[in-house]
Amino acid sequence: MDFERILYFLPGVLLGLTVHEYFHAFAAYKLGDNTARDQGRLTLNPVKHIDVIGLLFIIFAGFGWAKPVQFNPENLSNPRRDKAIIAAAGPLSNLVLGILFCFALRAVLESGVAPSDFIGHLYMVLLYAAVINFGLFVFNLLPIPPLDGSHIVFSGLNLSYDTETKIRKLGLPILFLVIIAQNHLDIPIIPIMPIVRALMGLFGVPGW
């Protein structure tokens, strides 16, 4: 990724990861667990959420991570249901951000303001932000550990602790294989980008 694309890319990914983790923390707090709040994660300060190595991986390898939000299931009134809500809160926040960025893109396109370098750069920042947040939404809902989708699926299954632990141990190698196949071998195992394009078109930014 060249330097200009990195500059377009960073605002969307920093905001997307920060809001994603904040809403995990917010959901846990609202459901009765103060762990994330006590660890300083109930904030929109990116420093509290961004993992530098994970961010570098996102920029240069096409995938990465933020600092995971921790919570204590014993503080939840309905652990199975509440774990699913906490897991879903992050991806859903990215979906909302993606929609908002699409609206912002449409506003720029329909503003009637004369094209300029500033408008062009603004458009690209908003475009990348929309694509990144829709991508985070789709990717994190995959039912592969440790992604949020796996927590949602496991909350609906009556698996033993040992069985769930064994599945989770297999999840990370499987996830890496899927990412490598998608990004470097060009094998379309999971149609993340077609779904992102469909969402962009649905919210008024077709043909990007």
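A residue is called buried when its relative accessible area is under 20%, and partly exposed when that value lies between 20% and 50%. Keep this cut-off in mind during the tour, which goes through a predicted model.

Select F63 to begin: with a relative accessible area of 13%, F63 is buried because its value falls under 20%. Now add F176 to the selection, and you will see an aromatic pair in edge-to-face arrangement, with the ring centres 5.5 Å apart and 85 degrees between the planes. F63 sits in the loop between α3 (52-61) and α4 (79-109), whereas F176 belongs to helix α7 (residues 161-183), so the pair ties together parts that are 113 residues apart in sequence. F176 itself is partly exposed, at 33% relative accessibility. If you then select F57 and W65 as well, you have a cluster in which ring pairs link F57, F63, W65 and F176.

The whole structure holds 8 aromatic pairs. For another of them, select Y22 and F23, whose rings meet edge-to-face at 5.1 Å centre to centre, with 90 degrees between the planes. Here Y22 is buried, with a relative accessible area of 18%, while F23 is partly exposed at 32%.

Finally, move to I192, which lies in helix α8 (residues 192-202) and is buried, with a relative accessible area of 16%. Which residues does I192 touch, leaving aside those up to four places away in sequence? Select V138 and F139 to see these contacts. Then show G135, which is 57 residues from I192 in sequence but has its C-alpha 6.8 Å from the C-alpha of I192 in space.

Terms used
Residues are numbered from 1 along each chain as its sequence is written. This is a predicted model: local features need pLDDT of at least 70, side-chain atom pairs count only at pLDDT 80 or more; totals for chains, interfaces and linings use all residues. Side-chain values use heavy atoms; hydrogens and water are left out. Helices (H or I, at least four residues) and strands (E, at least two) are DSSP runs, numbered from the N terminus. Buried means under 20% relative accessible area, exposed over 50%, partly exposed in between (1.4 Å probe, protein chains only). Contact means heavy atoms within 4.5 Å. Rings of Phe, Tyr and Trp (its six-membered ring) pair if their centres lie within 6.5 Å; planes under 30 degrees apart count as stacked, over 60 as edge-to-face and the rest as tilted.
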